[in-house]
Amino acid sequence: MEATVSIVSKSRQEEQHEQFEPKRVIVGANSLFKTYRTHGIEVPALADVTLTVMRGEMVAIMGPSGCGKTTLLNCLAGLDTVDSGSVLIDGVDLARMSDARRTDFRARTMGFVFQNFNLIPVLSAVENVELPLLVLHKRASVARQAARDMLNAVGLSHRERHRPAELSGGQRQRVAIARALINEPAIVWADEPTGNLDSDAAAEVMDLLADLNATRSQTLVLVTHAADIGARANRIVHMRDGHIV
Ligand code: ADP
Ligand code: MG
């Protein structure tokens with residue numbers, strides 16, 4: 001009886017706490033503009049894009065090919081620059097940092113998942129996953145153990161010595177996801193993560209991303225042109241011709 005009472009009162013406290021603690025903004029993009037000028041043609045890739053992502057959200061940016069999704073993701077992650085507007089990541093303006101600091105900030109706070117996996121072909125699965133930790137000068141034994149744990153979390157313990165060429169597309173993307181998560185990043189960006197996968201492997205990868213979002217409160221921003229993939233997110237942001245619609 002006593003135990004029941006204490007559990008109830010604790011959950012009420014937590015409820016109140018949640019009520020008064022504002023949810024934290026992790027990505028704050030304000031009025032982004034970017035125009036590509038090539039061969040005398042101007043392409044407005046971003047035209048007044050404003051977007052907020054809360055910590056723990058899984059957001060899908062959706063729209064037809066060429067509407068500016070990759071440009072937006074790259075500008076949010078500080079891989080590309082905008083013509084005007086501002087991007088704050090956890091309250092920090094990446095554009096005001098030196099290149100070296102921005103690279104370091106990215107390595108510590110962000111993970112990336114790409115359509116083409118971008119694994120290093122000569123390295124095994126576990127070596128690919130531990131690489132971000134070695135870059136941050138973590139001890140080799142610590143990095144190896146963390147990489148093993150992460151491969152286990154994505155269901156690939158039995159493939160840790162396989163090289164990318166010896167893995168299926170879905171397995172390669174799970175290795176890439178393990179690598180993206182190894183630093184416990186505040187945010188993971190994924191650009192068409194299922195673009196090169198058949199529908200079964202795509203569903204498996206989306207199950208994994210949704211599970212990581214739910215169980216680890218991992219913030220995820222993913223770009224896709226596929227409605228069934230976007231539907232797995234908590235929220236969909238639709239883009240057309242450089243605008244959010
Ligand atoms: P999406 O990812 O939605 O397919 P992108 O962000 O890659 O779209 O591209 C948005 C628009 O900007 C497209 O019209 C594309 O042709 C153009 N674009 C993208 N990158 C460049 C570039 N480096 N130089 C010139 N135009 C570009
Ligand atoms: Mg794209």
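Before I turn to the ligand, one term is needed: by a helix I mean a DSSP run of H or I with at least four residues, and by a strand a run of E with at least two, each numbered from the N terminus. What I am showing is a predicted model, in which local features are taken at pLDDT of at least 70.

With that in hand, which element gives the most to the shell around ligand 1? The answer is α2, with three residues, although β1, β2 and α2, the last of which spans 69-76, each supply at least two. The residues around the ligand are Tyr36, Thr38, Val43, Ala45, Gly63, Ser65, Gly66, Cys67, Gly68, Lys69, Thr70 and Thr71. Sorted by class, that shell has four nonpolar, seven polar and one charged residues.

Let me move on to the sheet, since β1 and β2, which we have just met at the ligand, also belong there. The sheet is open, has four strands in the order β2-β1-β4-β5, and its pairing is antiparallel. Its edge strands are β2, residues 41-54, and β5, residues 92-93, each of which pairs on one side only. As a general reminder, strands of a sheet pair through backbone hydrogen bonds, either parallel or antiparallel.

Taking the pairs in turn, β1 and β2 run antiparallel over 11 bridges, and threonine 38 has isoleucine 41 of β2 as its bridge partner. Thr38 is also one of the residues around ligand 1. These two strands form a hairpin with two residues between them, and there histidine 39 takes a positive phi near 50°. On the other pairing, β1, residues 25-38, meets β4, residues 84-89, in the antiparallel sense over five bridges; here alanine 29 is partnered by valine 87 in β4.

Finally, I would like to look at a pair of helices, α6, residues 169-181, and α7, residues 199-216, whose axes come within 9 Å and cross at roughly 20°. Why, then, do we describe α6 as roughly parallel to α7? Because angles under 35 degrees count as roughly parallel, the crossing angle makes α6 roughly parallel to α7. The crossing itself is right-handed. On the α6 side the contact is made by Gly169, Gly170, Gln173, Arg174, Ile177 and Leu181, and on the α7 side by Ala201, Glu204, Val205, Leu208, Leu209 and Leu212. By class, this contact has seven nonpolar, three polar and two charged residues, whereas the shell around ligand 1 has four nonpolar, seven polar and one charged.

Technical notes. Residues numbered from 1 in each chain as written. Chains lettered and ligands numbered in written order. Predicted model: local features only at pLDDT ≥ 70, side-chain atom pairs only at ≥ 80, totals over all residues. Pairing = 2+ DSSP bridges. Near = placed C-beta within 6 Å. Nonpolar A, V, L, I, M, F, W, Y, C, P; charged D, E, K, R; others polar. Axes fitted to C-alpha atoms, helices over the stretch in contact; angles between N-to-C directions. Parallel < 35°, antiparallel > 145°, perpendicular 65-115°, else oblique. Left-handed = near helix turned anticlockwise from the far one by under 90°. Contact = placed C-beta atoms within 7 Å.
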